[in-house]
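Here's a quick briefing to read with the structure open beside you. Have a look around first, then work through the notes below.

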Amino acid sequence: MTDHYLAAATEIIARCRALAVHSEEQGYLTRTFLSEPMRSTHITVREWMEQAGMNVRIDHAGNIRGCYGGTESGRRLLIIGSHLDSVPHAGIFDGALGVVLAIGLLQILDGRRFRFPIEVIGFSEEEGVRFGVPFIGSRALIGELDGALLARQDPQGITVSDAIRHFGLDPSRVEEAAISQDKPRYLEFHIEQGPVLDSLGLPLGVVEAIVGQSRLDLQFTGQANHAGTTPMNLRHDALAGAAEWIAVVEREAAAVDDLVATVGRADVKPGAGNVIPGFVSVSLDVRHPSDTARHDCVKRLTQKADQIAARRGLTISMESRLDQPAVKMDAGFTNQLAGAVERCDYPVKRMNSGAGHDAMIMARRMPSAMLFLRSPRGISHHPDESVLAEDVAAALAAGLFFLEDLERHDD
Ligand code: HGY
Ligand code: MN
Ligand code: MN
């Protein structure tokens, strides 16, 4: 089975490599919301989409969308998507693989059409790196790219609306990006980004739920002062306070099953080795399958931050950037996907996703399902992120079975 698709799989991996050169920095993949490299990324992806028989457009939220018409009107649209932005120093498969694999899947059809239409979407932003809030592209698809989000500023003071205008699009028209078709469905191919499939020696996994996530920014403000002349007992060291709290974050998270908490960013000011830090802004990312457990943990950690700041004579402010509930994938749609994996003679591993995905936004409006591909050594959000050609071939085989199944049962 897999041999038949290996050539296509090898081409898909090569294409992900080709997309990775469109980056904001030499030698690494960093591609944030509507940055310049997204322009050349769109040119390349458009070419591939058109070769596969799609009509291509860019909506005003910066999503690139390839429409592959069906043979009968009024049939339910199937959207197959993922994101084209990345974290800094990213792996080359997170997001991009889902878009390129979807194009490859339609390419294999070689002009054959189903009764239902298919739309392949490369979302403009899922990671939340530039504006601190994720899922800008997919929120536009479900009509939730609102004024508050459009007004959010990046560290340079540029708003989401400005970024859309600089890209040559019109922020006043983001509403046109919203899906208007009746009863659409959403499918996403994505690398697992964790160790489960690799540890089980399995190529594919069927996602049942995506854990909820909280993202916050905390600012510790103390008193900058001379590193050489200020006695230890007279200091209000913002970085020492934040560091004490970060150790608490790690300890609290380790004490709760299935909970993960991360401080991934710390901006220290003034940032000189001979000045006591007067200000630190840190990020907090907390995830858990249960929203109650996640909220409890955030509450405990923010209380601890307040206590540490008070004891050290620091002031503290906090801003919630995301409170994303855990999302179940659609049971029926997911069962159909699992059936397709089974018919390809692959074991079906049903699992949760610890990573967030556009599917958690799309699931607010339509039945959504996700197919995971193994992440060798469980590495992701890192240049060593990889994928195996035989697993991409397996995903193509399962994807085609899935499309055939939708065709047979398209109500
Ligand atoms: O952070 C995440 O979970 C995903 O990679 N956006
Ligand atoms: Mn990611
Ligand atoms: Mn991703």
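## Around ligand 1

A polar atom in the side chain of histidine 381 sits 2.9 Å from an oxygen atom of ligand 1. On its own, ligand 1 would expose 210 Å², and the protein buries 94% of that. Keep in mind that this is a predicted model.

**Who surrounds ligand 1**

- The residues around ligand 1 are Glu126, Glu127, Gln213, Arg215, Arg287, Ala355, Gly356 and His381.
- Sorted by character, that shell around ligand 1 comes out as 4 charged, 3 polar and 1 nonpolar.
- Where does ligand 1 lie relative to domain 1 and domain 2? It lies between them, because domain 1 (3-210 + 326-409) and domain 2 (213-324) both give residues to its shell.

**Other polar contacts to ligand 1**

- Glutamate 127 puts a polar side-chain atom 2.9 Å from a nitrogen atom of ligand 1.
- For arginine 215, an N or O atom of the side chain is 3.3 Å from an oxygen atom of ligand 1.

**The manganese ions**

- Which protein residues act as donors to the manganese ion (ligand 2)? They are Asp94 (through OD), Glu127 (through OE) and His381 (through NE2), at 2.1 to 2.2 Å from the ion.
- If you want to find these donors of ligand 2 along the chain, their spacing reads D-x32-E-x253-H.
- Glutamate 127 is in the loop between β4 (118-123) and α4 (136-141), while histidine 381 is in the loop between β16 (368-373) and α12 (389-408), so this pair ties together parts of the chain that are 254 residues apart in sequence.
- Aspartate 94 does bridging work: it links the manganese ion (ligand 2) to the manganese ion (ligand 3), and the two ions lie 3.5 Å apart.

**Two residues with a double role**

- Glutamate 127 turns up both as a donor to the manganese ion (ligand 2) and in the shell around ligand 1. Is it buried or exposed? Glutamate 127 counts as buried, because its relative accessibility is 8% and the cut-off for buried is under 20%.
- Histidine 381 also appears in both places, as a donor to ligand 2 and beside ligand 1. Its relative accessible area is 41%, so histidine 381 is partly exposed.

**Over in domain 2**

- Serine 317 is part of strand β13, which covers residues 315-324.
- With 34% relative accessibility, serine 317 counts as partly exposed.
- Serine 317 and phenylalanine 220 are 97 residues apart along the chain, yet their C-alpha atoms are separated by 6.9 Å.

Methods
Residues numbered from 1 in each chain as written. Chains lettered and ligands numbered in written order. Predicted model: local features only at pLDDT ≥ 70, side-chain atom pairs only at ≥ 80, totals over all residues. Heavy atoms only, no water. Donors = N, O, S within 2.8 Å, 3.2 Å for Na, K, Ca; no water. Helix = DSSP H or I, 4+ residues; strand = E, 2+ residues; numbered from the N terminus. Buried < 20%, exposed > 50% of the residue type's maximum accessible area, 1.4 Å probe, protein only. Near = heavy atom within 4 Å. Polar contact = N/O pair within 3.5 Å; in protein donor to acceptor, adjacent residues only side chain to side chain. Areas by Shrake-Rupley, 256 points an atom, 1.4 Å probe, with all protein chains shown as cover. Nonpolar A, V, L, I, M, F, W, Y, C, P; charged D, E, K, R; others polar. Domains from an automatic or database assignment.
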